[in-house]
Amino acid sequence: MNHDFKDRIVRMSGAAVEKCMRCGKCSATCPNYGEMEYHPHQFVYMVERGEVERLMASPSIYACLTCFACVERCPRGVEPAKVIEAVRLEVIRQKGQNYLKPDDIPATLDDDLPQQALVTALRKFAK
Amino acid sequence: MKIAYYPGCTLKNRARELDRTARESAALLGIELEEIPVWQCCGGAYTSAKDEIATKLSSVRALAAGRQIGDGRVATVCSACYNVLKQTNHEFAVNPDFDFKVNNYLKGDPEYHGEGEVVHLLELLRDEVGFEELARRVTKPLKGKRIAAYYGCLLLRPSSALAFDDPENPKIMEDFIRALGAEPVLYPMRNECCGGYLTLSDRETAKRRSTAVKESAREMGADFMITACPLCLYNLTKNTDDPIPVRYFTEVLADALGLGGE
């Protein structure tokens, strides 16, 4: 267990992980649940337990759509998407850990792709 | 009335029709969208981390510049710009530390403390023009059309900051559709995610999400769909095989107001 990571994630996200009552509504409403190794409710309780490094090593941090369905529908106001974002930032803020690199972009372009997609993905996946 | 207008990066590029039809329709209805003279991209996404300050400064500068135009409100049309600017402005109200740090970054620029207000064109149509008046101004009503409004995520969530409409049962776009003489189609997926930016890193997910949204609209009998978001429009057209057309709400508005020509 690493309490430094836990404290940092809690401070960065501002999310009240200790308020979670394990109802699972966040994961039930997550549109990308099926693509995640760890699901939104697991992010919450694993951060509470201090198991942040396992989350940091999981591709699940890149599966969140930031659609905020979990934040909106949590009956306890826990804000799981903010926890996932904080864990992802903890990874991509490290040197050489950008998940999406500018060099990856040209291969994704087509005539209709909006600029919004590029700036959003780079903001989510790169520092 | 004149109001400060923040178009955002995409409306200057891939979504020029969203920009043009918004300005022309608004002008016809007595709202002059005056573009903020100097603005930078909002970044497309609001980073929720409390220690992210620099990524929000472009929004702060736009909000500060908006004070020089009209009544100080800043109007947007793109769902992402609306979401990012409004969440940024909301942070001033709930987080004094954010206010302090932002203004340290802004040394040299005018101070800003969240005194502005962000409004979406749909809100201006509802609150400044009024949907009853809009209905009277329609010259080419969309009679018999069944239109599915797609809200997606960015207009609605998080509702604590956006306060745009009921996040689970919104109605502003349905009321808008009625004002244009068409019939709104309610369908379960209208406020669920299209797949968003994952189209770049995991296209299969974007395809699954967008296909689910369109199937939902199809099952409820939609002739076409409308959205305010360029990325939603992209996903719902390029990342599905479903042929139901998807249009910007402003294109439909311009048509109904007779701006589309014959």
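This short presentation describes how the chains, domains, sheets and helices of this structure are arranged. Please note at the outset that the model is predicted.

I shall begin with the contact between the two chains. Chain A contributes 33 residues to the contact and chain B contributes 36 residues. On the chain A side, the elements that each supply at least two residues are α1 (3-13), α5 (69-73), α6 (80-92) and α7 (115-125). Of these, α7(A) gives the most, with nine residues. What is the make-up of the side of chain A that touches chain B, by class? There are 17 nonpolar residues, eight polar residues and eight charged residues.

Let me stay with chain A for a moment, since α6(A) also takes part in a packing within that chain. Its partner is helix α3 (residues 40-49) of chain A, and the two axes come within 9 Å and cross at roughly 70°. That angle makes α3(A) roughly perpendicular to α6(A). The crossing of these helices, α3(A) and α6(A), is left-handed. From α3(A), the residues that meet the other helix are Pro40(A), Phe43(A), Val44(A) and Val47(A). From α6(A), they are Pro80(A), Val83(A), Ile84(A) and Val87(A). By class, this contact of α3(A) with α6(A) consists of eight nonpolar residues, with no polar and no charged ones.

I turn now to chain B. Chain B is divided into two parts, domain 1 (2-122) and domain 2 (135-256). The C-alpha centres of these two domains of chain B are 23 Å apart. Their contact draws on 21 residues of domain 1 of chain B and 19 residues of domain 2 of chain B. Which elements give two or more residues to the domain 1 side? They are α1 (16-28) and α3 (79-94) of chain B. The larger share comes from α3(B), which gives the most, with seven residues. The domain 1 side of this contact divides into nine nonpolar, eight polar and four charged residues.

Next, the sheets of chain B. One is an open sheet of four strands in the order β2-β1-β3-β4, with parallel pairing. The strands β2 (32-35) and β4 (117-120) of chain B stand at the edges with a single partner strand each, so one side of each has no neighbour in the sheet. On average, and with direction ignored, neighbouring strands here are turned by 45° against each other. Within this sheet, strand β1 (residues 2-5) of chain B pairs with β2(B) in the parallel sense over four bridges. Tyr5(B), for example, stands opposite Glu35(B) in β2(B).

Another open sheet of four strands in chain B has the order β6-β5-β7-β8, again with parallel pairing. At its edges are β6 (183-185) and β8 (246-248) of chain B; each has a single partner strand, so one side of each is left without a neighbour in the sheet. The average turn between neighbouring strands of this sheet is 40°, direction ignored. Strand β5 (residues 146-149) of chain B pairs with β7(B) over three bridges in the parallel sense. Strand β7 (residues 224-227) of chain B also pairs with β8(B), in the parallel sense and over three bridges. One residue to look at is Ile226(B): the bridge partner of Ala149(B) in β7(B) is Ile226(B), and Ile226(B) in turn has Arg247(B) as its bridge partner in β8(B). Another pair joins Met225(B) to Val246(B) in β8(B). Helix α12 (residues 249-256) of chain B packs on this sheet, where it touches β7 and β8 of chain B, and its direction makes about 75° with that of β8(B).

Finally, I come to helix α5 (residues 121-129) of chain B. This helix lies across β3 (73-76) and β4 of chain B and runs at about 85° to β4(B). Helix α5(B) also packs with helix α8 (residues 172-179) of chain B, at an angle of about 60° and with the axes 11 Å apart. Are α5(B) and α8(B) oblique or parallel to each other? They are oblique, and α5(B) passes α8(B) in a left-handed crossing. The residues in contact are Leu122(B), Leu125(B) and Arg126(B) of α5(B), together with Ile172(B), Met173(B), Asp175(B) and Phe176(B) of α8(B). By class, that contact has five nonpolar, no polar and two charged residues.

Thank you for your attention.

Conventions
Residues are numbered from 1 along each chain as its sequence is written. Chains are lettered from A and ligands numbered from 1 in the order in which they are written. This is a predicted model: local features need pLDDT of at least 70, side-chain atom pairs count only at pLDDT 80 or more; totals for chains, interfaces and linings use all residues. Domain bounds come from an automatic or database domain assignment. Two residues are in contact if their C-beta atoms, placed from the backbone, lie within 7 Å. Ala, Val, Leu, Ile, Met, Phe, Trp, Tyr, Cys and Pro count as nonpolar, Asp, Glu, Lys and Arg as charged, and the others, Gly among them, as polar. Two strands pair if DSSP finds at least two bridges between them. Axes are lines fitted to C-alpha atoms, for helices over the stretch in contact, and angles run from 0 to 180 degrees between N-to-C directions. Angles under 35 degrees count as roughly parallel, over 145 as roughly antiparallel, 65 to 115 as roughly perpendicular and the rest as oblique. A crossing is left-handed if the near helix is turned anticlockwise from the far one by less than a right angle, and right-handed if clockwise.
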